[in-house]
Amino acid sequence: TQSLGTLGLRHGLHVGTAVNMDALNDADDPQYRKLASTEFASVTAENVMKWESLEPTRGSYNWAPADQFVEFAKRNRQSVRGHVLVWHNQLPAWLTSGVADGSISKQELRELLRKHITTVVNRYKGKIWQWDVVNEAVSDPWDTPSTLHYKGFWAQNLGPGYIADAFRWARAADPKALLFYNDYNIEAFGSGNAADDKTQFVYDMTKSLRAQGVPIDGVGSQGHLGTQYGNFDTLQVTAALKKFASLGVATAFTEVDVRSQLTEGVQAGNSEEINPRLQASAANFSVLMKACLAVRSCLSYTVWGFSDNHSWVPGWFDDPPEGLATIYDENYQPKRAYQELKSDL
Ligand code: XIL
């Protein structure tokens with residue numbers, strides 16, 4: 001039977017996964033490497049291209065893991081989504097503490113960002129299909145103030161102009177890579193309620209950047225969903241993709257997973273509690289896939305890890321504990337979500 005990657009390419013769609021380099025290099029876990037190499041047409045580094053990993057000490061770059069990742073993709077003829085150039089998380093401590101104690105000025109910070117983008121994009125020039133240039137720059141309704149705004153370290157220190165700067169610097173370093181803005185909670189549009197607001201904000205932002213001639217080529221919707229929030233609606237997800245596409249940009253699902261709360265019954269292995277969750281997870285994976293297949297601008301569909309034994313979810317969402325978020329179980333058995341994606345393709 002054919003891989004998700006092969007099936008996707010028949011539609012001109014790259015089905016990809018995030019890759020965890022520790023799992024990939026674990027000699028006791030050969031199935032991880034096998035599936036990562038064979039099942040997907042595109043790969044994203046889960047962590048090793050983030051700034052804290054690339055430059056843990058100021059001025060000395062730790063390229064080996066990211067280089068190894070890019071080599072892995074090349075050997076397997078996989079396209080690479082570069083992730084991520086500008087984000088408020090997983091920044092090196094020397095950078096955030098330097099800004100906090102005033103030893104790095106705003107002017108110096110902007111110059112450090114320019115150098116970082118230029119250095120990283122230049123190193124992998126010609127090897128990256130899509131770069132996530134700016135990640136998660138926009139607030140959510142539960143933030144303070146609740147009115148949507150540009151949030152986080154970069155907006156606070158440089159003002160929102162850093163976004164246009166980042167795209168321009170990335171374009172200058174690799175004119176051929178597709179440059180993406182990437183965020184969560186922008187997967188749908190058309191409910192008529194507050195769930196539309198962030199999608200609209202990112203649409204307005206992208207429109208204004210394009211009008212200023214800023215080189216933004218795509219909008220990535222992360223797709224971190226949860227079964228406790230109910231099923232996404234295919235028409236609303238399609239509408240969000242079309243809304244972005246109307247600006248002339250590409251789209252992609254960049255980090256899809258669909259987690260569930262691990263109640264006591266689930267942890268005790270009660271199938272009557274597990275099965276509905278697996279089914280709801282599969283349904284949501286499928287909604288995003290159907291929407292992506294329905295909209296020509298949707299270039300890729302990337303899952304954020306493919307197996308429950310190497311998913312970020314249990315480590316991140318632990319109160320209440322959540323899991324079961326990926327398309328293979330912890331023993332690499334394909335789940336319903338995997339079958340559902342196959343039948344969509
Ligand atoms: C996550 C990784 O999966 C974890 O291993 C890490 O500890 C934290 O970051 N949005 C993103 C990704 O853009 O980079 C995040 O990845 C998940 C949320």
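Me: A residue is near a molecule or strand if its C-beta atom, placed from the backbone, lies within 6 Å of it. By that rule, which residues surround the ligand?

Reply: Glu-46, Asn-47, Asn-135, Gln-222, Glu-255 and Trp-312 surround the ligand. The model is a predicted one, in which local features need pLDDT of at least 70, side-chain atom pairs count only at pLDDT 80 or more, and totals for chains, interfaces and linings use all residues. Residues are numbered from 1 along each chain as its sequence is written.

Me: How does the shell around the ligand divide into nonpolar, polar and charged residues?

Reply: The shell has 1 nonpolar, 3 polar and 2 charged residues. Ala, Val, Leu, Ile, Met, Phe, Trp, Tyr, Cys and Pro count as nonpolar, Asp, Glu, Lys and Arg as charged, and the others, Gly among them, as polar.

Me: How do you know whether the overall size agrees with a compact globule?

Reply: The radius of gyration is taken over C-alpha atoms, and the globule rule is 2.2 Å times the number of residues to the power 0.38. For 345 residues the rule gives a value near 20 Å; the chain has 20 Å, so the two agree. The C-alpha trace spans about 60 × 50 × 40 Å along its principal axes.

Me: How many helices and strands does the chain have?

Reply: The chain has 15 helices and 10 strands. Both are DSSP runs numbered from the N terminus: helices are H or I with at least four residues, strands E with at least two.

Me: What makes strand 4 mostly covered?

Reply: A residue is buried if 20 or more other C-beta atoms lie within 10 Å of its own, exposed if 12 or fewer, and partly exposed in between, with C-beta atoms placed from the backbone. In strand 4 (residues 130-135), 6 of its 6 residues are buried. Across the chain, buried residues make up 44% of the 345.

Me: Which strands pair with strand 4, and in what sense?

Reply: Strand 3 (residues 79-86) pairs with strand 4 in the parallel sense over 4 bridges, and strand 5 (residues 178-183) does so over 5 bridges. Two strands pair if DSSP finds at least two bridges between them, so both cases qualify. Arg-81 has Gln-130 of strand 4 as its bridge partner. Asn-135, from the ligand shell, stands opposite Asn-182 in strand 5.

Me: What does Ala-170 touch, leaving out residues up to four places away in sequence?

Reply: Two residues are in contact if their C-beta atoms, placed from the backbone, lie within 7 Å. Ala-170 touches Leu-85, Ile-117, Val-121, Trp-131, Val-133 and Leu-179. Ala-170 is also among the residues with the most contacts inside the largest nonpolar core, which has 90 residues. Such a core is a set of buried Ala, Val, Leu, Ile, Met, Phe, Trp, Tyr and Cys residues joined through C-beta atoms within 7 Å.

Me: Why is Arg-77 called exposed, and Tyr-332 partly exposed?

Reply: Arg-77 has 9 other C-beta atoms within 10 Å, so it is exposed. Tyr-332 has 15 such neighbours and therefore counts as partly exposed. Arg-77 has a positive phi of about 55°, and phi of Tyr-332 is near 65°. Most residues other than glycine have a negative phi, and most peptide bonds are trans.

Me: Which peptide bonds are cis, and what is omega there?

Reply: Among them are the bond from His-83 to Val-84, with omega near 10°, and the bond from Asp-319 to Pro-320, with omega near 0°. Val-84 lies in strand 3, whereas Pro-320 is in the loop between helix 14 (313-316) and strand 10 (322-323).
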